[in-house]
Amino acid sequence: MTEAVRRRGLWQTWFTGSDLKAPDGDRTAAETSAVAADDVRIGWSQPEVFNDPEGTLYPRIIRHGTDVHMLYGRIAGGNIAKLHHSVYTPGTGWRADGGKVLEMYSEEAPALLSSDGKLYALARAASHVRLAVLDPAGSWSEVELTVADASRSGGFQSSRMPAMTYHKDQFHVLFTREGISGAGVKHSILDGGVLGEPVHVTDKEPDSRLSLVTYDGALHLMFTRQGILHHFVNNGAGWAEQATISAPTAGSPGSAVYDGKIYTAYNIAVDTPLDLEREISALIEAWRAASDATLYDDGSGRALLTEREARYSRGAQPVPIAAADVTRLPEIERSRLYAMGINKFGEGASDFLTALQQYMQGVPYNKAGTLRFSQVGYQVFDGVSWSGSTHIPVNADTPPSLAVYHEKGDPTRGRLMLNYAGTESWTPPPPPPPQPVGSKVVAAKKASRTDYGIGSWSKTNHTLEAEVRRNDAGCHHIVAKFAADAYWLDTFGVARRDSGRISARIKLTTTDNRLIDDFEINEAFSHSVRRQVAWEVRAGTTYNVILTRGEKTLGAWFPNSPNSSDRTQEERQATVNRYSTVELALQTITIDVPST
């Protein structure tokens, strides 16, 4: 049975349940009891991952035709993300064939609009707003935006992510400005790339992005400010505030009209107790169990060492760290421990890693403090009043986004999809049966070198090879081969075949150094070592095959010494590492897997 894991990714859930009533309305007794018992709204499915690129930010979805389109960011530097495009087809699922949205960047989820067979996207970076359009043929183009407001220069700017919708044959754009003069929310008509003279909506400055929908013949604007959800309406006679709704730490709303109502979802903050020292102890225990190794304090309380690093430390005597001994750990190099934890257990594998990352960013350290997670709440407006907030316990690091669509067999109202980026507990599907390694070699590379011990009394010739093989079913494998031959130099200068122990790791990574697999070699040998490993890989992808942490130990000079002055057994033992050990230098092969 496949075990659940913590996984970072883009997630989706959907709603097809019964209508949500006001808290004091006519919910059935069973509904009221269920909501009170587990704080989960009846009808929402369990979250499922549909994409997991590293560095993913800010997904936003919208129905376009019968499909759901998603624009999301991949981190390009700081909080700036390059926009990419994916499409969901009912009955088929997601396909990431949209590619990049021009060279568009955004600090937040882009605002989306579907109209007349075209998909419109507003992106915002450093307050500057740009508009991209996807035509029915599937090509993106940029529309240059100009501003009719003579008092403004430098193009269209907004201090928060704008919102847009199509209403009564016009494109409506709402945006924000900050400052002493002219601050607040503004409303303009977009016509042919020209943003018309803005109309003032409210002096209130939102904390987050704006959310805009057309509902019941009017424009409806939602945004949050200081934990309050604000709702404004324009039915043709100007803007007026409809309601202010207290929401638990509400932020960054996303809205959609579903089944004759407005659904608005937003982030809420949930505090979870966390004993940071207990989590550190658990990580050290897990590290020791997984690697059969001990972690060391470098003796100064400032750096964390692996067993191999401690062996070659030239500073103070390294001190083994017991799992229970966490009194020094706040003084030890947290960034190193965090990196080791990520490398060993994966992003999001432990709440401790999140806490440690927060600590490194300046969050006060508490031995028994709390860790703040961002989850999702939502409310429903039925044309008269709001329902009150309902909590969906999903771990949304980014603002949620909503879209309505239909799957085969759905009722007329369809279903409401909610997506977000975050880390969830996920049970992967059982892997397909492994494909046999093919015999046809379609690409191959080799790297060889010779490394010496101190004084050249020992040497090791080693070779790393990488072959791409294809089988009859068209499946590709990378076969990595490692060969090592060891020698020792006698006192007459003659090289002789040596024996001993070889330890090393062969890693398969992506070109951006994301670890895929790690194959360990730890073998006693006589004269030579030959090992190989095969990995199933994707066609049309480039990989790195890396030899790392290589070392030859023992051999002819163990426990002897070529130095005649080392006369006692103790003196000879002290020279073991000096003469018999050879460190194998890092070797990297970058190899392309053909697309066919």
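Trainee: How many helices and strands are there in the protein chain?
Mentor: This is a predicted model. Strands and helices are both present in the protein chain. The count is seven helices and 39 strands.

Trainee: What percentage of the residues in the protein chain is buried?
Mentor: Buried means under 20% relative accessible area. The chain has 596 residues. Buried residues make up 48%.

Trainee: Among contacts between residues at least 6 apart in sequence, what share joins residues at least 24 apart?
Mentor: Leave out pairs that are not at least 6 apart in sequence. Of the contacts that remain, those joining residues at least 24 apart make up 59%.

Trainee: Which residues touch the most other members of the largest nonpolar core?
Mentor: This core holds 28 residues. Strands β31, β32, β34, β35, β36, β37, β38 and β39 each supply at least two of its residues. The residues that touch the most other members are I478, F482, I502, I506, W535 and V545.

Trainee: Which strand gives the most to this core?
Mentor: Several strands supply at least two residues each, including β31 (458-470) and β37 (542-553). One strand gives five residues, the most. That strand is β32.

Trainee: What does I502 touch, not counting residues up to four places away in sequence?
Mentor: I502 is one of the core residues that touch the most other members. Set aside the residues up to four places away in sequence. The partners are F482, A484, I521, N522, E523, F525, V529, E551, K552 and L584.

Trainee: How many residues are in the second, separate core?
Mentor: Its members include W11, W44, V404 and L418. The second core has 20 residues.

Trainee: Is T509 buried or exposed?
Mentor: T509 lies in strand β34 (residues 499-510). Leaving aside neighbours within four places in sequence, T509 is in contact with R514, L515, I516, Y543, N544 and I546. The cut-off for buried is under 20% relative accessible area. T509 has 5% relative accessibility, so it counts as buried.

Trainee: How many salt bridges does a search of the whole structure find?
Mentor: One of them joins the side chains of D410 and R415, at 2.9 Å from N to O. Both D410 and R415 are buried. The search of the whole structure finds twelve.

Trainee: In the salt bridge of R449 with D451, which residue is buried?
Mentor: The closest N and O atoms of this pair are 2.8 Å apart. R449 has a relative accessible area of 37%, so it is partly exposed. At 7% relative accessibility, the buried partner is D451.

Trainee: How many residues apart are D485 and R530?
Mentor: Their side chains meet in a salt bridge, 3.3 Å from N to O. The pair links distant parts of the chain. D485 is in strand β32 (residues 476-489), and R530 is in strand β36 (residues 528-537). They are 45 residues apart.

Trainee: Which residues do salt bridges that share partners join into one network?
Mentor: Shared partners link these salt bridges. The residues of the network are E467, R469 and K481.

Trainee: Which are the edge strands of the open sheet β17-β18-β19-β20?
Mentor: Four strands form this sheet, and the pairing is antiparallel. An edge strand here pairs on one side only. The edge strands are β17 (211-215) and β20 (239-246).

Trainee: What is the bridge partner of T214 in β18?
Mentor: Strands β17 and β18 (residues 218-225) run antiparallel. Five bridges join them. The partner of T214 in β18 is L219.

Note on methods
Residues numbered from 1 in each chain as written. Predicted model: local features only at pLDDT ≥ 70, side-chain atom pairs only at ≥ 80, totals over all residues. Heavy atoms only, no water. Salt bridge = Lys/Arg side-chain N within 4 Å of Asp/Glu carboxyl O. Buried < 20%, exposed > 50% of the residue type's maximum accessible area, 1.4 Å probe, protein only. Contact = heavy atoms within 4.5 Å. Core = buried A, V, L, I, M, F, W, Y, C linked by side-chain atoms within 4.5 Å. Pairing = 2+ DSSP bridges.
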